[in-house]
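Thanks for making the time this morning. I would like to walk you through one model, moving from its strands to its helices and then to a few backbone details, so please have the sequence and the structure open in front of you.

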Amino acid sequence: MASRLKIPIVNRIFSLVIHKERPKCPVFLQPRWRSTLNAAAPPKTQSNRKLIIGTAIGAVGIGFGLYSYLSPSDSKQKHQTGVALIEKTDYTRNDDIVDIKPSREIFGPATGIGLDLTLYQYQTCPFCCKVRAFLEFYGIPYKIIEVNPVMRQQLKFSKYKKVPILIVEDKEASKKHQLNDSSVIISILGTFLEDVSFGLESVLKYYVPVAYINEDGKEVEEIMNKYFLMFGDKYKESADTFLKKERQWRKWADNVFVHVLSPNIYRSYNEALQAFNYFSEVGEWEKNFSTIERLIVIYVGATAMYFVGKRLKKKHGLKDDVRESLYDASRQWMKEIGSKKKFMGGDLPNLADLAVYGMLSSIEGCLAFQDLLKNTNIGPWYYNVKEAVANHHGFQKLKL
Ligand SMILES: N[C@@H](CCC(=O)N[C@@H](CS)C(=O)NCC(=O)O)C(=O)O
């Protein structure tokens, strides 16, 4: 059994630490085996143990990356230096969506929007937390499909292999649309909610992906206006400065704030261990793994992530004590809100409030979060947004 357990663990650590494989999500993913795999969930048998441990360690490794996506040094720049536009006529975002039994369902008062939503996600991925914060703030009901972070069999239908993905079923048009990328999802739904009568089909026309071949010869797609809400006739020039700031801070959440999170939760070995114990708790690992499996995941995962955290700190130019970078970023954000407003959006959170809050909520149970509350004044704002989200305060803004 020892060799069975060792191989995936050692491989995973080698990939992450020695071969510097890019981890895939900035905050550790919490595999919910039972719900994720639904009926196909592997029982805790010896034969599945290797898969479970390997997958769990994979999930551990996955914590933290997307750096590949966000890093100015790689894919983002490649997008900008794209060399050939591809002429495309088919912009449907629908790969062959298959019906999978949802892991769970979230209820809310906004039942009259005519859309049926299914979110493919990892529970502690900051981008997924951001989308959940948005949906819950507006009280939009939705279903969740928890993706197995290593096997990712739930994403088989999709060419886009990241989460979050939102499948939107437009009930009136009897059509399903696949929305990829947290900011694209939020902008499309945000525009739709401005005037539901306009219809989702009309909104989608404003968010057209541009496809091109980048310098590596790879085809990439990007929605250039992904931070913009499209107001059409309802655009008010008086709101322009406000909207500009909202966009700017939404971008900041995706490109700056997210990078300070993981090096902070794995700052020291003890913190990494604490973070893993938190993930174990939120992910109900006690229920889903045997004791030995759970302990291996926690200890090996914490060790691997401790080293990965160091690498990310360097890559993103964080301060020697990474806490300082977390405090700096949070203070920068609080400075923007100022002392006169409850939220950046005024009396209610705007999309930037929801973005920063959502991402921060992914580390809520970690020591870094507690230190952040002690050393900055972000706490009251954070808990105010949390309350507004939990009580669907955005619902009152909807004109249904
Ligand atoms: N720009 C994307 C980034 C999404 C992203 O990088 N998601 C990570 C999880 S945090 C992912 O799915 N990585 C690929 C993987 O886990 O296989 C967004 O805002 O949604």
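Strand β2, which covers residues 104-106, runs antiparallel to β4 and is joined to it by three bridges, and within that pairing Glu-105 has Lys-143 as its bridge partner in β4. Before I go further, let me say that this is a predicted model, so everything I describe is computed from predicted coordinates. Strand β3, residues 115-121, also pairs with β4, but here the two strands run parallel and four bridges join them, with Gln-121 standing opposite Glu-146 of β4. What lies between these parallel strands as part of a β-α-β unit, and what is the hand of that unit? The helix is α6, residues 126-137, and together with β3 and β4 it makes a right-handed unit. As for β4 itself, four of its five residues are buried, so the strand is largely enclosed by the rest of the structure.

To put that in context, the protein as a whole has 16 helices and eight strands, and of its 400 residues 44% are buried. If we take the contacts with a separation of 6 or more, 81% of them are between residues 24 or more positions apart.

Let me turn now to the interior. As a general point, nonpolar side chains in soluble globular proteins tend to be buried together. In this model the largest nonpolar core has 88 residues, and the members that touch the most others are Val-131, Leu-166, Val-356 and Met-359. If we follow Met-359 and leave aside residues up to four places away in sequence, we find that it touches Pro-126, Cys-129 and Lys-130, and also Ala-253, Phe-257, Val-258 and Leu-261.

The helix I would like to dwell on is α13, residues 322-337, whose 16 residues reach 23 Å from the first C-alpha to the last, close to the 22 Å expected at 1.5 Å a residue. Its buried residues are Val-322, Ser-325, Leu-326, Ala-329, Ser-330, Trp-333 and Ile-337. Why can we say that these residues line one face of the helix? Seen down the axis of α13, the buried residues fall within an arc of 130°, and therefore they line one face. The spacing behind such a pattern is general: an α-helix has 3.6 residues a turn, so residues three or four places apart point the same way. On that side, the buried residues of α13 pack against α9, α12, α14, α15 and α16. Just after α13 comes Gly-338, which takes a positive phi of about 75°.

That brings me to the other backbone details. Ser-174 is not a glycine, yet it has a positive phi of about 50°; it sits in the loop between β5 and β6, and it is exposed, with 7 other C-beta atoms within 10 Å. His-392, likewise not a glycine, has a positive phi of about 50° and lies in the segment after α16, where it is partly exposed, with 18 other C-beta atoms within 10 Å. Finally, the peptide bond that joins Val-163 and Pro-164 is cis, with omega about 5°, and Pro-164 lies in the loop between β4 and β5, which returns us to the strand where we began.

Terms used:
Residues numbered from 1 in each chain as written. Predicted model: local features only at pLDDT ≥ 70, side-chain atom pairs only at ≥ 80, totals over all residues. Buried ≥ 20, exposed ≤ 12 C-beta atoms within 10 Å, placed from the backbone. Contact = placed C-beta atoms within 7 Å. Expected span 1.5 Å × (residues − 1). Arc of directions from axis to C-beta. Core = buried A, V, L, I, M, F, W, Y, C linked by C-beta atoms within 7 Å. Pairing = 2+ DSSP bridges. Right-handed = clockwise from strand over helix to strand, strands pointing away.
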